[in-house]
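Q: I am new to this structure. Please pick one part of it and take me through that part closely, step by step.

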Amino acid sequence: RCFRESWLSAAAAASSMNFSGAKSQVTPPERGSFPLDHEGECKGLKEEFLVCLKAHGNEHVNCKSLSKRYLECRMDRGLMARDDLANVGFGDGAAAPKGPRVDTEGRRESEGFVAGLHIDKPTSMNPFR
């Protein structure tokens, strides 16, 4: 046999080997895997929800009723598995809007906080001390 033939047979043998010793089995996720809405059956509700989010500064709690209607639309049209809405955050104990969100961004900085100043600097560059 020539070198080329022996190399090809070795490459073919190596490509058919399973080095893990077990066959891998792919399983779909429990949630989050569903058909896309190619026909746009629930597109109007999705657009309303996005407009609501934008109007409320991306606070989804204020748009929860639209979100619920969108999920119901998808379930009704077979675009996702039917499930109890309590399992996806719309149960009796679900959080209702509790008033405006308190924005604290930049508060610490305005009080003089500087990130990283509280960390002690190493005395040497040796990471194994």
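A: What follows is a close look at one helix pair, α2 and α3, and at the links around it.

Start with the setting. The model is predicted. The protein chain has 4 helices and 0 strands. Read along the sequence, the order is α-α-α-α. The protein chain has 129 residues, and buried residues make up 12% of them. Consider the contacts with a separation of 6 or more: residues 24 or more positions apart account for 52% of these.

Now the pair itself. Helix α2 covers residues 43–55, and helix α3 covers residues 64–76. In general, two packed helices are described by the angle between their axes and the distance between the axes. Here the axes of α2 and α3 lie 9 Å apart, at an angle of about 160°. Angles over 145 degrees count as roughly antiparallel. The two helices are therefore roughly antiparallel to each other. The crossing of α2 and α3 is left-handed.

Which residues meet? On the α2 side they are Leu45, Lys46, Glu48, Phe49 and Cys52. On the α3 side they are Leu66, Ser67, Arg69, Tyr70 and Cys73. Keep Glu48, Arg69, Cys52 and Cys73 in mind, for these members of the contact list come back below.

First, the charged pairs. Side chains of opposite charge can pair when their charged atoms come close. The whole structure has 4 salt bridges. One of them joins glutamate 48 and arginine 69, with the closest N and O atoms 3.9 Å apart. Glutamate 48 is in helix α2 and arginine 69 is in helix α3, so this salt bridge ties together parts that are 21 residues apart in sequence. How accessible are the partners? Glutamate 48 is partly exposed, at 39% relative accessibility. Arginine 69 has a relative accessible area of 40%, and it too counts as partly exposed.

A second salt bridge involves lysine 46, whose side chain meets that of glutamate 47. The N to O distance is 3.9 Å. The cut-off for a salt bridge is within 4 Å, so this pair counts. Lysine 46 is partly exposed at 34% relative accessible area. Glutamate 47 is partly exposed at 35%. Lysine 46 is also in the α2 list of residues that meet α3.

Another salt bridge links aspartate 76 with arginine 82, at 2.5 Å from N to O. Both of these residues are exposed.

Next, the sulfur links. A disulfide is a covalent bond between the sulfur atoms of two cysteines. This structure holds 2 of them. In one, cysteine 42 is joined to cysteine 73, S to S 2.0 Å. This disulfide connects distant parts of the chain: cysteine 42 sits in the loop between α1 (3–15) and α2, cysteine 73 sits in helix α3, and they are 31 residues apart. The link is left-handed, with -90° about the S-S bond. Cysteine 42 is buried, at a relative accessible area of 1%. Cysteine 73 is buried as well, at 6%.

The other disulfide is formed by cysteine 52 and cysteine 63, whose sulfur atoms are 2.0 Å apart. Cysteine 52 is in helix α2 and cysteine 63 is in the loop between α2 and α3, so the bond ties together parts that are 11 residues apart in sequence. The torsion about the S-S bond is about -90°, so this disulfide is left-handed. Cysteine 52 is buried, with a relative accessible area of 11%. Cysteine 63 is buried, at 1%. How do the bonded cysteines pair along the chain? The pattern is 1-4, 2-3.

Last, step into the loop between α3 and α4 (107–110), where leucine 79 is found. Leucine 79 is buried, with a relative accessible area of 8%. Its C-alpha atom is separated by 6.9 Å from that of aspartate 37. Along the chain, leucine 79 and aspartate 37 are 42 residues apart.

Put the pieces together. Helices α2 and α3 are roughly antiparallel. The salt bridge of glutamate 48 and arginine 69 runs from α2 to α3. One disulfide joins α3 to the loop before α2. The other joins α2 to the loop between α2 and α3.

Terms used. Residues numbered from 1 in each chain as written. Predicted model: local features only at pLDDT ≥ 70, side-chain atom pairs only at ≥ 80, totals over all residues. Heavy atoms only, no water. Buried < 20%, exposed > 50% of the residue type's maximum accessible area, 1.4 Å probe, protein only. Disulfide = S-S within 2.5 Å. Axes fitted to C-alpha atoms, helices over the stretch in contact; angles between N-to-C directions. Parallel < 35°, antiparallel > 145°, perpendicular 65-115°, else oblique. Left-handed = near helix turned anticlockwise from the far one by under 90°. Contact = heavy atoms within 4.5 Å.
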